[in-house]
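Biologist: Hi, I've got the model open and would like to go through it with you. Can you start with the terms we'll need?

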Amino acid sequence: MSEYPRRTDPRRVIIALVVVVGIIVAAFAFITWPRPKMYVYTYDSLLMWGNDSENIDNMVFGPFEQQYGVDVEIVRLNTDANGIVSRLVAEAENPRADVVIGIDNILILQDQARQVLEPFTPSNLDLVNTTLVELLDEEHYIVPFDFGIVTLIYSTDAMNVTTHPQLANLTFEDLAEPSMASTLVTENPHLSSPGLAFFLSEIAVYHGILDDDWREWWCSVRDYIDVQEGWSEAWAKWDSDPTRNMMVSYGTDPAYSAHYTGTAPDTAVALFSYNAESYAWLQIEGIGLVKNGPNPDLAKKFIEYCLTEAVQSHIALNQWMFPANLNVELPDVFDYAVHPDEVSPLNALLPATLIKSNLTSWLQEYDLIMTA
Amino acid sequence: MRHDRQIRVLILASPLLVLILFVVYPVVNVLVTGLLYGPGSSLSEVLLSPVTQRVLTFTISQATASTILSVIIGLPAGFLLARLRFRGKSIVRAALIVPFVLPPIVVVVGFLRMFGSHGILDMAFMFLFQSDASVLDLASGVVGIVLAHAFYNVPLVTLMVSASLERLNPELEEAAELLGATTLQKWRYIVFPLIRPALLASAVLTYLFCFMSFPIVLALGQGAYSTIEVQIWSAFRFFDYGQASSLALIQLAITLILAYAYVRAGGRDGEQGRTASIRTIQFGELSGPSRVLVAVYVGVLVVLMAGPIAAIVYGAIYDPVQRVYTLDGFSNLLRSGTGGGLLPMINSVLYASLSTILAVLLGMPLAYAQLSRGRILAELSSMMTLLPLGISSITIAYGLMRAIAVPLGLSTNPWPLIVVAQTVIGLPFSARAIEISLRNIDPTLIEQADILGASRFQRLFFVELPLLAPGILVGGVFAFAMAIGEMSATLFIALPQNYTLAVAIYQYLRVRKFVEAGAAALVLVLVCLAAFLIIERVSGEDAGGAL
């Protein structure tokens, strides 16, 4: 009977298998199971643009953890600020996060964003310029964390004010010229906050200065401009494609370029210019308290901590925005940046109530123009 | 006996329960809440909106164009693969499956590098025409979307067609030749009826995938084009739950019809030979003109299919920012800590392995249920198996988040949900592969086991499972490949400690860490390639039949 192999009892095989898999899963679950922590939700690139992005959280928030004996977990969700609010809405019945960083002055106009937040006025709010606080949100659902301007940048290797005199006093009409529009990269206003800021900049100019139909500009450029998904994608395109020399980005980009090349920047800013006045969109990013979060008291302390110099002094070189706390001294390379007080904010031309009630329909019209 | 029957029903119904709990319930929860309570647009507003109509038209037309192109390119390759005898055929076959399981974001990168402006092909043309400006951009707009879809789905058509064609009985062919049939007649009366189910099934599946396409359209569509799935994503992000739910409902209605067509098309009957029974010839036996034709065709195919993958391999060792060759991407994969690739790699393997085990465990009863005598159970199981293919993964992910993770407090440590989402995505493939080998079991063997007095348990372990082993292996590998490449749902659910390689690649690309992204993508390609080579070696089966 030797040709019959001995058979293991299948029950034994099953039990062994279950035990092995069980141990692996349990071990993994044990290792990754979160210890009691305070969760801060933010978008994927917060403070990630510096020299030592790996240890930045420890450097910036470590002192707070020590002072209050708590683990602070900065959860960089795989998304932008819209995605964070979307997540907070999904979790509204049982919130896990206590604080959220990165909701900006356009997003906070949405009712959904306000519904997941709790208004809170930090005791040290006087560290921040009052105008900035009011521009962001008068009801303090969020308070300013950082700010900057969204505008056009161009690569000085490819163009300058001699070759393109219109760059010195740029108007949307100049930009609509096919020769110029075909050098522009921008971001999808549905998926990117600078993209949305640029979209609203255009409407602000046509609505508030030119008193004309904003749709015309998009109709005339739609065949020429390059609309990328988000800022990183747009940057990659701008950086790699020698025909795309202009991009919708931030006023601090020349400073970033100077910091990393160690020489004069190869990036310059073009501001919109009407009636001898320079305009750009002011973006203010806020920090706020999640409604019904598990640790409200700690969260309030954390928000106050974030307005102090301990956090704010890291913003310039790691976030490439201007710190909301005006006492913080800016690094030298920021001399290359366009400072928000050098421009008139386009935001002033577009009342918040107007944005709030029209944003959805504007974006729909934009979709219709771009897909026509 | 009654007790036995109850257990049997319970086992057969268990995958259905899992699917109901983790797919139907979350999705229905999201849809009903969105449609009834919003906030956002109502169903009628969405239906009547010109944006919806435009998106729907685009979704349908790009899916049609992509399907036609995939079939045109993939069909001849299916014939060549079945008919030609050449060295390394099994490697080619395993390599062909790789594009199908690549995460879309990897495909996007490979595509831009290969076919985009200033990509490899464009550079070649620029050199040819001595031009400084970009000559050819095949990676943007409609052309880019359709080509990328073809890249994804040509292997599907090729593998499914060649798998069915290999069963062509040589005696049938010889008989036809003896009776004086022309080539056309042979094709019309013998070959076409044989491959028709596979061709139809692959076309429907291709259509389904293109219809649901998300990251490719998002990345290559440049904001000007969006499919229903992109629109759903966008609606969720803008908190227009009414619109998201309405669109998901419209999408579901269409995909269910397609899924039903796929089930119908997959039914196989008629005279078939054993696996790989087809008469094969060598390249040298072809006539002169055919040789040229085949050579040109294979050349085009290699550029389309291998080009983007070659671009990824190149991207893994060449840093375009610093303009140097480097192995940093690979050393990054072994680095732990923020931004390092070690944790994502461990996560990827762990989640994908767990989902594979689950997909096989659930796939088996599902396959049995599909072949059960009870018609209702059989049809229900067939439809349920395909359900995950027909529901947008964004909606499933959002539903899992809302209906399962939040009430259970899992939202800050959602790895079990990632495993569930990946299982659900692999299940249609594992169930299908197991069902096919189940169908091929000789019923007399089972009867003999019964006559010899084997218990149900013994019969399962000593007769059925060994016979099913190849199917389980093929199904398991498919489930593994689908799971490890899954991005949409994982991206939606995962927190940084749960990132998988697919998600990490997406992250790296966003911050322009091209080498790291390339190296991680290469690892995914190699893992899938190795898995499919193992199938070929161990089972002697080819994977295409399982689709």
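Modeller: Sure! Two residues are in contact if their C-beta atoms, placed from the backbone, lie within 7 Å. Helices (H or I, at least four residues) and strands (E, at least two) are DSSP runs, numbered from the N terminus.

Biologist: Thanks. And what sort of model is it?

Modeller: This is a predicted model, where local features need pLDDT of at least 70, side-chain atom pairs count only at pLDDT 80 or more, and totals for chains, interfaces and linings use all residues. Residues are numbered from 1 along each chain as its sequence is written, while chains are lettered from A and ligands numbered from 1 in the order in which they are written.

Biologist: Which residues of H15(A) meet H3(B)?

Modeller: A:Gln364, A:Asp367, A:Leu368 and A:Thr371 do, and their partners in H3(B) are B:Pro50, B:Val51 and B:Arg54. By class, that contact has three nonpolar, two polar and two charged residues. Here Ala, Val, Leu, Ile, Met, Phe, Trp, Tyr, Cys and Pro count as nonpolar, Asp, Glu, Lys and Arg as charged, and the others, Gly among them, as polar.

Biologist: At what angle do the axes of those two helices cross?

Modeller: Roughly 35°, and the axes come within 10 Å. Axes are lines fitted to C-alpha atoms, for helices over the stretch in contact, with angles from 0 to 180 degrees between N-to-C directions.

Biologist: Zooming out, how many residues of each chain are in contact with the other chain?

Modeller: 45 residues of chain B are in contact with 42 residues of chain A. On the chain B side, H17(B) gives the largest share, five residues. That side has 25 nonpolar, 15 polar and five charged residues.

Biologist: New topic: what about the largest nonpolar core?

Modeller: The largest one has 174 residues, and B:Ile493 and B:Leu400 are among those with the most contacts inside it. A core is a set of buried Ala, Val, Leu, Ile, Met, Phe, Trp, Tyr and Cys residues joined through C-beta atoms within 7 Å. Buried means 20 or more other C-beta atoms within 10 Å of a residue's own, again placed from the backbone; exposed means 12 or fewer, and partly exposed is in between.

Biologist: And which residues does B:Ile493 touch?

Modeller: Not counting residues up to four places away in sequence, B:Ile493 touches B:Ala397, B:Leu400, B:Met401, B:Pro414, B:Leu417, B:Ile418 and B:Ala421.

Biologist: Last one: what is chain A made of?

Modeller: Chain A has 15 helices and 13 strands. Of its 372 residues, 45% count as buried.
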